[in-house]
Structure formats: C-alpha cells, structure tokens
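Dear colleague,

Please find below the structure that I am handing over to you. The notes after it set out what was found.

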Amino acid sequence: AIKEGMVSLGCAKNQVDGEMLMANLKNAGFELCDDAALADVAIVNTCGFIDSAKQESIDEILELATLKKEGRVKKIVVTGCLAERYREEIHKELPEVDGVFGIGANADIAACIESAMNDFTESFPEKSKMPLCGERELSTPSYFAYIKIAEGCDNKCTYCAIPMIRGGYRSRTMESIEEEARSLVENGAKELILIAQDTTRYGIDLYGEYSVAKLMRRLCKIDGLKWLRVLYCYPDALTDELLETMAEEEKIVKYIDLPLQHASARVLKRMNRTGDRESLTALMKKIREKIPGVTLRTTLITGFPGETEEEFTELAEFVKDIEFERLGCFAYSQEEGTPAALMPDQIDDEVKNHRAEIIMESQMNMDTIRINIKYIMLGMITAGTVGMITAGTVGIITADTVGMPTIITEALRNFS
C-alpha cells in the first residue's frame, strides 16, 4: 500500500478538513503515516489566509522538496486554502509539487493522488462540492474534538480573502452535527468545540434564523459530554438567545471568542464591519452581565489602510478599558484580490507592526496583573484568610491598575 502522510497547517477548520482527507485515503486503501517525511506521498494541507501563513505553507513544501530530491519522499501534493487560491502559481513556482487540488476535490482525493503518482495532476471542482461532513481520522487528543458546523463566509470584510477562497456560507443540518457529536462522545471525547468561519450565523441559510443557540441546547443533552465550547463568533450576530443559552447550560464553557478587529467607527466601516467604540463597549458589558465570570477573547488588526494615530489610540484605549482575558493582535496583511488591498493610504510595515506590539504589550501587562491576583487569592484561601485585595496587599497591584470588571470571585473563574 502507498504510505501517505500529512502536514496540516492553519486553523482548526482546515485541520478538520485534513482529518476527513485522511479518512478518505485510509478507506481507499492507503496506509497512513504519522510523519509526512517518512511517507511515499506527502500532503501539505495549506493555509493561505495572510502572508505569514502563506510563507509557512511554502516553507513546508520546500522542506519536503528537499526530501524528495534525496529520494526519501516520492510525491508531494498540495491541498487546502493556498492550493485553492494560488492554483496556477504553485505549479509554476514550485515545480517539485506533483499535485495541486482545490477544496472542491476533497471528496475525490484518493483518485487525485493515484493520478499524481503517474504524472502532475491538478483538480479544481466547484467549491460547493467540498463535503461539509464525513468520516474523520482524528488528529486531536482523544478527550476533545472540533466539529465544523458550517463552511464559507458571506460577511465580505474588505481585508479578508476567505469568501474568495472558501465560497459562500453553507450550514450543516442539526441532525448531521448531532450524529457526529454523539459518535465523538461515544469514542471518548469529553469536550466538543464548534467551529466555522462565523459560528453565530449558523443556520441562517437552512432555517431562516440564527440557530447556533438551539444547536447548542440540543448537543448539551448528549450523555457523556462534559463541555461544549463555541469559537469564531461575530459581534453583529451575538443574540440574547445565545448569551442566555451559554449562561443557563452548565455544559457550555463560559468562553466567548469574538474577533472585533477594531474599535474605531471609521476603520470598521472601511473594513465593511459595523459598530464603534461605544457600541462594542456596551456589548462587552452586556456579555459580562449575562454570563458572570465569562472569559472574553478577541483578535484585532492594526495598520489597516488609512488608520490614523488617533484611531489607533482609540483602539489602544478600548483594549485597556475592556480588559479582555485573552487577546491577539496582528498587523494588517495586504491580501491580493481583496478590496482593502486597493485602498489608498496603505501603512508602512514598520508602523503596522509597532502598533501591534504596543497592543500586545498592554495586554501582557494586564495578564500579569490578573495572574498576580489569582495567586494572591489562592494564597489567601490556602491561609484560611477571607478578605478583599487592597491597594497595600502587594506593591505592584493597586486600585488604579487592577480595575477588575467584576468581583474577584468571578474574575478567578476566568482561569479555570
């Protein structure tokens, strides 16, 4: 049997796609190999979202190309977002590659690879032909698994290439998701993590309404499931029903992943997103009121075309005011084919990166304060002391720097 190994890069959604590819190949008679460098056929399941991710994919291909030249790998196949986005460039710029397959070819991956064993092969069916679900060869530890509840995106943020790469939004049926969830739990998974490009819009295309809350209540009824988590929420579609569901259902992890990208009204408008600092601040307050002890995670972009010093300062102040429990900040990546790439007033890379560093440094300072609070409280509990932290308890923690949004006991839950 032909030995096949995969390197899967990028997000958890791409990881699930890779797991389905592996199961498809296994069922077709291929032998699966944990290390792509030891396989006959090395598959690179690529990410093509931003420059750093694209470079990581290219570096992985080149590393395998060296092994191919040494005779250790026979064939190299490229799948995933980079393949879908740069189908012509990959074959032209990376002649060591033997097969390039778009996401629509995932269901026929075995036949595609068999063809590539004989001669260079490429296949790019319609994106809509990509399977939404199927058998998977799990790559996560046995105690948790991802479930992709939808594919594609209709939001059309001006900086983002995902709709171009992945196509329009397509939800899976609740029945298919529940069936997969039950199977994963029966096979040992204790935590299930729901993912999509935008989980909050789940069901709008099938049921005519946002349905992720109903889906989560349904999944919470599965015996043996301990925790249910949802990632990639979108602020516009974060309904009261979803917040109430998260607050009421014990199995749902009190953790909201909510990429906000910015806080300036003008920058958000240019991103083709809605909201401003005031409305987003109100939303964060509402979330924390409805879900006591919730952990808020967000991602932000600095250096979007035309971002002024004043707008960056507004973003930095917003971050300090909200005190997110988890935060990532990235310098804007100018992506070909997106509207933002053609906007005037592109910002120098050095400025973009410096602004991102400032945001991350601010966040790390806040993280340090929270960690100190955690261990002080744990120490007080260990000593049998009950009381509030005051300005004089520890030198580095003062009433000014802490400013916790909720009572200490709720804040501690963020670390569980």
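**Buried charges and their partners**

D17 and K148 are both buried. The model in which they lie is a predicted one. The two side chains are joined in a salt bridge, with 2.5 Å from N to O. Because D17 belongs to helix α1 (residues 12-27) and K148 to strand β7 (residues 144-148), this pair ties together parts that are 131 residues apart in sequence.

A second pair of this kind is formed by R136 and E180, whose closest N and O atoms are 2.6 Å apart. R136 sits in the loop between β6 and β7, while E180 sits in helix α7 (residues 174-186), so the salt bridge links parts that are 44 residues apart in sequence. R136 counts as buried, at 13% relative accessibility. E180 is buried as well, with a relative accessible area of 15%.

The salt bridge between E209 and K214 has a distance of 3.4 Å from N to O. Is this pair buried or partly exposed? E209 is partly exposed, at 37% relative accessibility, and K214 is also partly exposed, at 34%.

As background, side chains of opposite charge can pair when their charged atoms come close. In this model the count of salt bridges comes to 38. Some of the charged residues are linked in a network of salt bridges, namely D51, K54, R85, E335 and E336.

**A negative patch on the surface**

Which residues form the negative surface patch? They are E88, E89, E93 and E122. Helix α4 (residues 87-93) gives the most to this patch, with three residues. E122, by contrast, has its place in strand β6 (residues 121-123). With a relative accessible area of 44%, E122 is partly exposed. A residue needs over 30% relative accessible area to be part of a patch, so the value for E122 meets that requirement.

**Cysteines**

How many disulfides does a search of the whole structure find? The search finds zero. A disulfide is a covalent bond between the sulfur atoms of two cysteines. For C47, the closest cysteine sulfur is in C81, at 5.9 Å, which is too far for a bond. The cut-off for a disulfide is 2.5 Å between the sulfur atoms, so C47 and C81 do not qualify. C47 counts as buried, at 13% relative accessibility. Another cysteine, C233, is buried with a relative accessible area of 3%.

**Two buried positions and their neighbours**

I76 lies in strand β4 (residues 75-80). Its relative accessibility is 0%, so I76 counts as buried. The C-alpha atoms of I76 and A42 are separated by 5.0 Å, although these residues are 34 residues apart along the chain.

G18 is found in helix α1, the helix that also holds D17. G18 is buried, with a relative accessible area of 2%. Between the C-alpha atoms of G18 and M6, which are twelve residues apart along the chain, the separation is 7.8 Å.

**Backbone angles in two loops**

Most residues other than glycine have a negative phi. Two residues in this model may be read against that background. What is the phi of Y232? It is near 60°, a positive value in a residue other than glycine. Y232 is placed in the loop between β11 (227-230) and α10 (240-248), and it is partly exposed, with a relative accessible area of 22%.

Q261 likewise has a positive phi, near 75°, and is a residue other than glycine. Its place is in the loop between β12 (255-257) and α11 (265-270). Is Q261 buried or exposed? At 9% relative accessibility, Q261 counts as buried.

**In brief**

To recapitulate, the predicted model has 38 salt bridges and zero disulfides. The salt bridge of D17 and K148 joins helix α1 to strand β7, and that of R136 and E180 joins the loop between β6 and β7 to helix α7. The negative surface patch brings together E88, E89, E93 and E122. Positive phi values occur at Y232 and at Q261.

With kind regards

How values were computed
Residues numbered from 1 in each chain as written. Predicted model: local features only at pLDDT ≥ 70, side-chain atom pairs only at ≥ 80, totals over all residues. Heavy atoms only, no water. Patch = residues over 30% accessible without salt bridge, like charges linked within 9 Å, V, L, I, M, F, W, Y side chains within 5 Å. Areas by Shrake-Rupley, 256 points an atom, 1.4 Å probe, with all protein chains shown as cover. Salt bridge = Lys/Arg side-chain N within 4 Å of Asp/Glu carboxyl O. Lys, Arg positive; Asp, Glu negative; His and termini not counted. Charge placed at Lys NZ, Arg CZ, Asp CG, Glu CD. Helix = DSSP H or I, 4+ residues; strand = E, 2+ residues; numbered from the N terminus. Buried < 20%, exposed > 50% of the residue type's maximum accessible area, 1.4 Å probe, protein only.
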